[in-house]
Amino acid sequence: MWAIDNGLLASPAETTGESKVVTDARNRLTTARNELNAHKTSLQTHEDDLKKDYGPEDVFRSLKDKCVTQDSGEYTYELCWMGRTTQKPKKGGSNTGMGNFARFEMVSVDEEVSADGKGLGSGDRIAMKFENGQHCWNGPSRSTTVILACAEKDEIWKITEEEKCVYRMDVGTPAVCAPDDGSNQGHAHQQKDEL
Ligand code: MAN
């Protein structure tokens with residue numbers, strides 16, 4: 001029958017008693033709702049990301065999801081910017097979480113700078129606090145303070161365990177170099193002075 005074939009009337013065989021145009025319209029609605037929900041989720045992700053603290057002038061946004069590693073003693077240490085710090089045994093075995101990124105802080109340091117420009121130097125430096133790492137037997141959850149100084153490339157210079165399960169990484173990165181002085185990049189004392 002023409003009216004059934006063209007979807008104007010429900011086919012008597014159809015248990016729903018619904019015509020094809022109605023079913024099609026319902027399917028289109030479902031598809032549109034699903035797409036709307038996907039866009040809402042994506043919008044939320046982007047809104048959350050904008051609210052996230054990427055440090056002074058958002059300088060760490062470009063480093064998000066990047067990691068840098070360094071061997072020290074029995075371990076390889078990994079710093080994933082805005083992510084986590086990890087201790088990986090060189091001889092194998094499971095990795096130990098040394099903390100998840102929590103916030104930025106300013107710390108005052110007084111350290112050497114080697115001839116090749118590696119070292120924190122003296123003054124106020126930006127630090128990233130990583131907290132709530134793997135629990136330490138008879139101690140706190142592991143945590144790491146990552147102290148930053150200007151350098152030509154991302155590099156972990158030094159790793160210390162200041163107290164049991166409380167770690168510190170001295171790290172060089174171009175992200176904290178003062179703007180407009182490319183000629184001086186690589187010198188650890190060139191910090192973002194407006195901080
Ligand atoms: C592991 C490492 C060390 C830490 C001890 C604490 O060996 O994570 O850095 O001091 O556990 O038990």
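Start by selecting cysteine 80, which is buried, with a relative accessible area of 11%. Buried means under 20% relative accessible area, exposed over 50%, and partly exposed in between, with a 1.4 Å probe and protein chains only. This is a predicted model, in which local features need pLDDT of at least 70 and side-chain atom pairs count only at pLDDT 80 or more, while totals for chains, interfaces and linings use all residues. Residues are numbered from 1 along each chain as its sequence is written, and side-chain values use heavy atoms, with hydrogens and water left out.

**Stop 1: around cysteine 80**

Cysteine 80 lies in strand β2. Helices (H or I, at least four residues) and strands (E, at least two) are DSSP runs, numbered from the N terminus. Show what cysteine 80 touches: leaving aside neighbours within four places in sequence, it is in contact with Lys66, Cys67 and Phe130. Contact means heavy atoms within 4.5 Å. Next, pick the C-alpha atoms of cysteine 80 and lysine 64; they are 7.8 Å apart, with the two residues 16 residues apart along the chain.

**Stop 2: strand β2 and its partners**

Select residues 75-80, which make up β2. Five of these six residues are buried, so the strand is largely enclosed by the rest of the structure.

Add residues 67-72, strand β1, which pairs with β2 in the antiparallel sense over six bridges. Two strands pair if DSSP finds at least two bridges between them. To see one such bridge, select aspartate 71, whose partner in β2 is threonine 76. The hairpin of β1 and β2 has two residues between the strands, and glycine 73 there takes a positive phi near 60°.

Now add residues 84-89, strand β3. β2 and β3 also pair in the antiparallel sense, over five bridges. Return to threonine 76: opposite it in β3 stands lysine 88. In this second hairpin, three residues lie between the strands, and methionine 82 has a positive phi near 60°.

**Stop 3: threonine 85**

Stay in β3 and select threonine 85. Is this residue buried or exposed? Threonine 85 is buried, with a relative accessible area of 0%. Not counting residues up to four places away in sequence, it touches ten listed neighbours, among them Glu78, Leu79, Phe130, Val146 and Met169. Another of these neighbours is Thr144, and the side chains of threonine 85 and threonine 144 make a polar contact at 2.9 Å. A polar contact is a pair of N or O atoms within 3.5 Å; within protein, one must be able to donate a hydrogen and the other to accept it, and residues adjacent in sequence count only if both atoms are side-chain atoms. The C-alpha atoms of threonine 85 and valine 68 are separated by 9.7 Å, and the two residues are 17 residues apart along the chain.

**Stop 4: the ligand**

Select the ligand and show what surrounds it: Tyr75, Gln87, Cys136, Arg142, Glu161, Lys164, Cys165 and Tyr167. A residue is near a molecule or strand if one of its heavy atoms lies within 4 Å of it. By class, this shell has four nonpolar, one polar and three charged residues. Ala, Val, Leu, Ile, Met, Phe, Trp, Tyr, Cys and Pro count as nonpolar, Asp, Glu, Lys and Arg as charged, and the others, Gly among them, as polar.

Which distances to oxygen atoms of the ligand can be checked here? A polar side-chain atom of glutamine 87 lies 2.6 Å from a ligand oxygen. For tyrosine 167 the corresponding distance is 2.7 Å, and for arginine 142 it is 3.0 Å. Taken alone the ligand exposes 310 Å², and the protein buries 68% of that. Accessible areas come from the Shrake-Rupley method with a 1.4 Å probe; for residues, only the protein chains shown count as cover.

**Stop 5: two turns**

From the ligand, go to cysteine 165, in the loop between β7 (155-163) and β8 (166-173). β7 and β8 pair in the antiparallel sense over seven bridges, and one bridge joins glutamate 163 to valine 166 in β8. The hairpin has two residues between its strands, and cysteine 165 in the turn has a positive phi of about 70°. Most residues other than glycine have a negative phi. Cysteine 165 is buried, with a relative accessible area of 2%.

Then select asparagine 138, in the loop between β5 (122-131) and β6 (143-150). Asparagine 138 has a positive phi of about 60° although it is not a glycine. Asparagine 138 is exposed, with a relative accessible area of 65%.

**Last stop: the whole protein**

Zoom out and colour by secondary structure to find two helices and eight strands. Along the sequence, they follow the pattern α-α-β-β-β-β-β-β-β-β. Of the 195 residues, 38% are buried.
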